[in-house]
Amino acid sequence: MKYIKIILALLFALFPVITYNIWGQNTNEITLETIVTDHDGNPVADATVYADENKEVRYTDISGRFTITVPSNSTLFVSAVGFKLKTIRAEAGLEKIILEKDSVGQMVNIAYRKIERRDLPGAISVINPGEFINNDYNVSVTDGMVGRAGGLLWSDNIWGMGNALVMIDGVPRNFSDVRLEEIEQITILKGVNAVALYGSHAAKGVILITTKKGEAFTRKINIRANTGIASPKLFPEYLGSAEYMTLYNEARINDGMEEFYDEETINNYRSGNRYRYPDLDYYSSDYLRKYVFNNNVNAEITGGNKSARFYSNLGWTNNNTLLNIGEGKKESDNRFNARGNVDLILNDFISSSINVSAILSNSRRGLADYWNSAATLLPNKYAPLIPINLISPDSSEALLLARNSKNIIDGQYILGGTQEYMTNPIADLYAGGHNTFISRIMQLTNVINVNLSSLMKGLSFHTRFNADFYNSYNQSINNQYAVFSPTWDTVPESNIITGITKFGEDIRTGDQNVSGTSQTRNLGFSLHFDYLRTFNEVHNISAILLASGTSISRNSIFQRSTNANLGLHIGYNYDHKYWIDFSSAFVNSTKLPEGNRTGFSPTVGLAWLISSEDFLSALTFIDHLKLSASTGIVNTDLDISDYYLYENVYTQQGWYGWYDTYSNQAFTSVQGENPDLTFVKRKEINVGIEGSFFNKLLSLETTFFLTQMDGLPTQRFSQYPNYFSTMVPYTNYNCNQYSGVDVLMNISKKVGKTELNVGMNATYANSKVIKRDELYTDAYQNRAGKPVDAIFGLVSDGFFTDETDIANHPKQMFGDVRPGDIKYIDQNGDNMIDEKDEVEIGRWIAPFNYGLHFSVTYRNITLFALGTGAIGGNGMKSSNYYWVDGDDKYSSVVLDRWTEATSTTAKYPRLSSQQNNNNFRYSDFWIYKTDRFNLSKVQVTYNLSPEILRKTSFRELGIYVMGSNLLTFSKQKDILELNVTSAPQFRYYNVGIRIGF
């Protein structure tokens, strides 16, 4: 906290100094009435006009005109989208300002450099939140990326490989460390050539996030406030007490046992007093709210001059939870973030930037495992609250005991329980105390740039240093409490309590406990020499020589996580038509044995602007067409799961003794030694196409990729006899392949006052096991040739109908079976069903993922909609909501159970009061398709027109309403939208306002 306060104080101290220099007044003023046009004489509307020594900011109207009063002979700055910044002396008689179109185009951040978009190599996608955030507002980065980049299966999964490296301002960090409002650009580096310079830890792709910078010669303040509610989509459906008891009896009969509950008891639980005969529904309005609230506020301030620029961002988010009793009412999440980015030009050849971010968050929760308990505790076991007024007046001892409780709820209830349930989630919320998870994050990044053109034209030197500190802990008040079990009048229908039994004690020490302390330190440093020069206006050469290292240490882990590498980039393009790029890294890993800790990762990329060739000149519908390809090898230790896998490891295990009866503890080998263990290698070739067509009506980006992760470490047990199983070393053998295509397409059209934009992205990423150490008797069980995420299980063949059916079927080796149990197919014909009959029955990850977004703007109103979907994946109904046996809680799915009466229509096996390993195991009976289409977002935005804004002090003003996570279209909708042991999924409805000054 001390360092955070010091740095924030310095940033805020700089603020008035900078602003004073920018906005100082001059009393000698003139008034200008001027028009802004392009070179063709067309008026430029909505251009921003400001002076370096005046607070006045003006915007051109639809005819390009503006009026401004500024100090005489001050410098005017005129900026507009698509044009270069214009500086001009403010003097009398200035009637026209002509802007020059920005031919350079958008700049894109890639590894260790920023390049023009036209020079962008293939297998890279770019997202600019500023282009859409006003019409598609999101707080989180991952939500903002949805549907806007090809190759992303989800937030950090590129091409199906998973675990992409997230870098914020060039530093390995987390998505949660930044809000979407703070971001200038997100670059998804997918191909090997794009990620090579980052070394080993970037082998599965990089998501490069660049935060905003200050704007020189302007001042802007943006404020946004957003509030809304979230309603649960779906709750689990569990059976009530009477229904549970009835079916539990049925389960016992199915197992050849006697009924457990008599009919009178069941009837009492069906309609009797709920305190005596509880029927507890944890999902009722007695305990839960109908919806939760969420709020967030964000403010941005930016400005600067030619020597210093600053950007600052302050944000706060808050939400509560569904729980509506006891400590649940106080549950909330609060997050405050502050960012200050300062860019300084120190002299003619040295510049620097300092980015500081602080995140303070608190999450308060009651000390109850509510959602997990709701999914497991039976409804008939206890009443959570006992009314004091039901205690007989004649039971003075019971009344005294109740009234002396330190936890009398609402003045009329004591906490219910039994000797078996001395704690429960409802009592925990009322009396158990609370826990606050506290997190503090401080991040500092410093960049120094040195222009060395005086030594060699085009040469520069750059350093980057970061120091990140993460600290979190739990701060709790832990109470003990007593529960009371009532003794009821002997008449079953009576509502009179004749006595109570107390279990436990009410103890509130008031002590504050601190636990779960976690500290993480992320230190990193990089330096690189850059060479960038153009010869004869057509030969463009770039080069980078770099060294980089990061070290992440955690208080609970002895071994630090490190990444270090050298890097070399050499690039050439001829007149921005033909490109060649060589990027490589010399990587190091402490997970490998000495002698194998370094590796060279070479990659090369090629590109050709084919639309510049004469043979395509006749195809006038092609505006821009570029082909690209890259290939290479990246060495990585990401898939080396631990340190010292190359050593012979022993452990204490077992005992041995001699005839003198003295026992000694034995040591045994866990793994063998392999001094040749080396890096996993990402080997890849990809080909890309980028183009725009029909006068920029249609834009297209697509990449075809073939990637192998080769040399994955494994213990090759198939090569050793069983008695050597504890001495098998790790070797680089396994190999996975990922192949497919990603597509990003956009259509934009303006007709009159209506603007239409339709975007689509799709990724087909298929995985395949190329090599596995495996030794299966039957080839159909081999993992090689099948998806990396393949699901293996038995193939079901309905239910056993009777004992004859069981006798005539191959023996199932998972315990005794009865009529109504699932029967399986004997795949290998050995007349028994066991693990050897498991085959591929599905895959976890959908290979085809897509997104569609649509926006239409008429005048000042914009409608935006986003849909996402996935095809080809599977899930397994394997939670205790579906796999119900023993004395598990019964969900509504068991209503379709097998009985003799429903033997031809049943969709669920017979009920059993015993553990049933035959029915509840991976098989196609429980598998389901995860194919879905989600209406992820709808937002309507109204922006105040520039004509009205010019009459106000606002630069911009917009209001919006939106809904997100709205609808799911799927045959398995009820499964996909259901959370069982955690809080439910939500639909979100929000309204917001944004104001710019």
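A salt bridge is a side-chain nitrogen of Lys or Arg within 4 Å of a carboxyl oxygen of Asp or Glu. Keep that rule at hand for the exercises below, and remember that this model is predicted.

**Exercise 1. Which rule lets us call Lys-502 and Glu-505 a salt bridge, and how exposed are the two residues?**

Step 1. Start with the distance: the side chains of Lys-502 and Glu-505 meet at 3.3 Å, N to O. The cut-off is 4 Å, so the pair counts as a salt bridge.

Step 2. Now look at accessibility. Lys-502 has a relative accessibility of 30%, and Glu-505 has a relative accessible area of 46%. Partly exposed is the class between 20% and 50%, so Lys-502 is partly exposed, and Glu-505 is partly exposed too.

Step 3. For the general idea, side chains of opposite charge can pair when their charged atoms come close.

**Exercise 2. Where in the chain do the partners Arg-910 and Asp-821 lie, and are they buried or exposed?**

Step 1. Check the contact: Arg-910 and Asp-821 form a salt bridge at 2.9 Å, N to O.

Step 2. Find the places. Arg-910 belongs to the loop between strand E48 (874-876) and strand E49 (927-929), while Asp-821 belongs to the loop between strand E42 (811-812) and strand E43 (822-824), so the bridge ties together parts that are 89 residues apart in sequence.

Step 3. Buried means under 20% relative accessible area. Arg-910 has 5%, so Arg-910 is buried. Asp-821 has 0%, so Asp-821 is buried as well.

**Exercise 3. How many residues apart are Lys-204 and Asp-639, and what links them?**

Step 1. The link is a salt bridge between their side chains, with an N to O distance of 2.8 Å.

Step 2. Lys-204 sits in the loop between helix H3 (192-195) and strand E16 (206-211), and Asp-639 sits in the loop between strand E33 (622-636) and strand E34 (649-657). These distant parts of the chain are 435 residues apart.

Step 3. Compare each partner with the cut-offs. Lys-204, at 9%, is buried, whereas Asp-639, at 25%, is partly exposed.

Step 4. To place this pair in context, the count by the salt-bridge rule comes to 32.

**Exercise 4. What is the sign of phi in Glu-537 and Asn-695, and where do these residues lie?**

Step 1. Recall the background: most residues other than glycine have a negative phi.

Step 2. Read the angles. Phi is near 65 degrees in Glu-537 and about 55 degrees in Asn-695. Both signs are positive, and neither residue is a glycine.

Step 3. Locate them. Glu-537 is in the loop between strand E28 (512-535) and strand E29 (539-554). Asn-695 is in the loop between strand E36 (680-693) and strand E37 (698-715).

Step 4. Exposed means over 50%, so Glu-537, at 71%, is exposed, and so is Asn-695, at 67%.

**Exercise 5. How many cavities of 30 Å³ or more are there, and what lines the largest?**

Step 1. The search of the whole structure finds four such cavities.

Step 2. The largest has a volume of about 200 Å³. Its lining has 19 residues, and those closest to the centre are Gly-122, Ala-123, Ile-124, Glu-690 and Glu-701.

Step 3. Sort the lining by type: seven residues are nonpolar, six polar and six charged.

Notes. Residues numbered from 1 in each chain as written. Predicted model: local features only at pLDDT ≥ 70, side-chain atom pairs only at ≥ 80, totals over all residues. Heavy atoms only, no water. Helix = DSSP H or I, 4+ residues; strand = E, 2+ residues; numbered from the N terminus. Buried < 20%, exposed > 50% of the residue type's maximum accessible area, 1.4 Å probe, protein only. 1 Å grid on protein atoms, 1.4 Å probe; cavity = no way out; pocket = protein on both sides within 12 Å on 5 of 7 lines; lining within 4 Å. Points joined across faces, edges and corners; volume = space filled by probe spheres on them. Nonpolar A, V, L, I, M, F, W, Y, C, P; charged D, E, K, R; others polar.
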